[in-house]
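Here is a friendly walk through a protein model, taken one piece at a time. Keep the 3D view open as you read.

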Amino acid sequence: MLSVIVIGACSSIDCPVKNRVYTVYTLLKSNGTTDTLTVDTLTILTHCANDSDTILLNHETNFSDFDIPISHTQPEDVLFLTLLDTLGNTYHDTIRVQKENYQHFESVDCQATYFHKLTGVSSTHHIIDTIEINNPTVNYDATNEHFHIYFKARY
């Protein structure tokens, strides 16, 4: 009876259920306060390695933070933002995220995933005033705010 219990314990698989790796962005006011900012309508695209574009966020409204997936092995992610305000004006910005990728291994029975260390971030400044890294470690914990985006004062 004891051998059955030991064999059963050795064959159990403890792969994480939530094994998606996301970066969390928080939108803030640029006036020096940490009051969160709600944008009107935001769309975010990225260009994939297979020469196709992917929509990561599509016409989102009434939010002050969002999470999007991060690429597995590329050293830099490029995000294209389009903001539509309530007056019908459209603004575009580009965010570049530099990172180090490292494989995270749970067990032989689990699919390997990648964790990341954020090493740099930059953007154009049409609507974005500043973007900064708040937490450089990207792993399964999606409660961490990785980036703070400060929009120009008119937003």
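## Arg96 and its salt bridge

Arg96 is partly exposed in this predicted model, because its relative accessible area of 36% falls between the 20% that ends "buried" and the 50% that begins "exposed". Its side chain meets that of Glu76 in a salt bridge, at 3.2 Å from N to O. Glu76 sits in strand 5 and Arg96 in strand 6, so this is a link between distant parts of the chain, 20 residues apart. Glu76 is also partly exposed, at 28% relative accessibility.

How many salt bridges are there? The count comes to two. The side chains of Asp77 and Lys99 make a salt bridge as well, with 4.0 Å from N to O. Here too distant parts of the chain are linked, with Asp77 in strand 5 and Lys99 in strand 6, 22 residues apart. Are these two residues buried or exposed? Asp77 counts as buried at 10% relative accessibility, and Lys99 counts as buried at 5%.

## The six-stranded sheet

Both of those salt bridges run between strand 5 and strand 6, so let's look at how these strands are arranged. Strand 5 covers residues 76-84 and strand 6 covers residues 90-104. They pair in the antiparallel sense over nine bridges. If you'd like a spot to look for, find Val78, which stands opposite Arg96 in strand 6.

Zoom out and you'll find an open sheet of six strands, in the order 3-2-5-6-7-9, with antiparallel pairing. Strand 3 (53-61) and strand 9 (137-138) are the edge strands, and each pairs on one side only. As a bit of background, strands of a sheet pair through backbone hydrogen bonds, either parallel or antiparallel.

## The four-stranded sheet

There is also an open sheet of four strands, in the order 4-1-10-8, and its pairing is mixed. Which strands stand at the edges? They are strand 4 (65-69) and strand 8; each has a single partner strand, so one side of each is left without a neighbour in the sheet. From one strand to the next, the twist averages 25°.

The partner of strand 8 is strand 10 (residues 147-151), and the two pair in the antiparallel sense over five bridges. Along this pairing, Ile128 stands opposite Phe151 in strand 10.

## Ile131 in strand 8

Strand 8 spans residues 128-133, and Ile131 is part of it. Ile131 is buried, because its relative accessible area of 10% is under the 20% cut-off. Setting aside residues up to four places away in sequence, Ile131 touches Tyr25, Ile95, Val121, Ser122, Ser123, Phe147, His148 and Ile149.

Try finding Thr26 too: it is 105 residues from Ile131 along the chain, and their C-alpha atoms are separated by 9.8 Å.

## Aromatic rings

Two of the residues that Ile131 touches, Tyr25 and Phe147, bring us to the aromatic rings. The structure holds five aromatic pairs. One of them is Tyr25 with Phe66, a stacked pair at 5.1 Å centre to centre with 10° between the planes. Tyr25 lies in strand 1 (residues 22-29) and Phe66 in strand 4, so the pair ties together parts that are 41 residues apart in sequence. Both Tyr25 and Phe66 are buried.

Tyr25 also forms a stacked pair with Phe147, at 4.6 Å centre to centre and 20° between the planes. With Tyr25 in strand 1 and Phe147 in strand 10, this pair ties together parts that are 122 residues apart in sequence. Tyr25 has a relative accessible area of 2%, while Phe147 is buried at 0%. Along with Phe63, the residues Tyr25, Phe66 and Phe147 form one aromatic cluster.

## His146 in a loop

Our last stop is His146, in the loop between strand 9 and strand 10. Is this loop residue buried or exposed? His146 is buried, with a relative accessible area of 0%.

What surrounds His146? Leaving aside neighbours within four places in sequence, His146 is in contact with Tyr22, Thr23, Val24, Leu118, Glu132, Ile133, Asn134, Asn135, Thr137, Val138 and Asp141. In the case of Thr137, the backbone oxygen lies 3.1 Å from a polar atom of the His146 side chain.

Note on methods:
Residues are numbered from 1 along each chain as its sequence is written. This is a predicted model: local features need pLDDT of at least 70, side-chain atom pairs count only at pLDDT 80 or more; totals for chains, interfaces and linings use all residues. Side-chain values use heavy atoms; hydrogens and water are left out. Buried means under 20% relative accessible area, exposed over 50%, partly exposed in between (1.4 Å probe, protein chains only). Contact means heavy atoms within 4.5 Å. Two strands pair if DSSP finds at least two bridges between them. Axes are lines fitted to C-alpha atoms, for helices over the stretch in contact, and angles run from 0 to 180 degrees between N-to-C directions. A polar contact is a pair of N or O atoms within 3.5 Å; within protein, one must be able to donate a hydrogen and the other to accept it, and residues adjacent in sequence count only if both atoms are side-chain atoms. Rings of Phe, Tyr and Trp (its six-membered ring) pair if their centres lie within 6.5 Å; planes under 30 degrees apart count as stacked, over 60 as edge-to-face and the rest as tilted.
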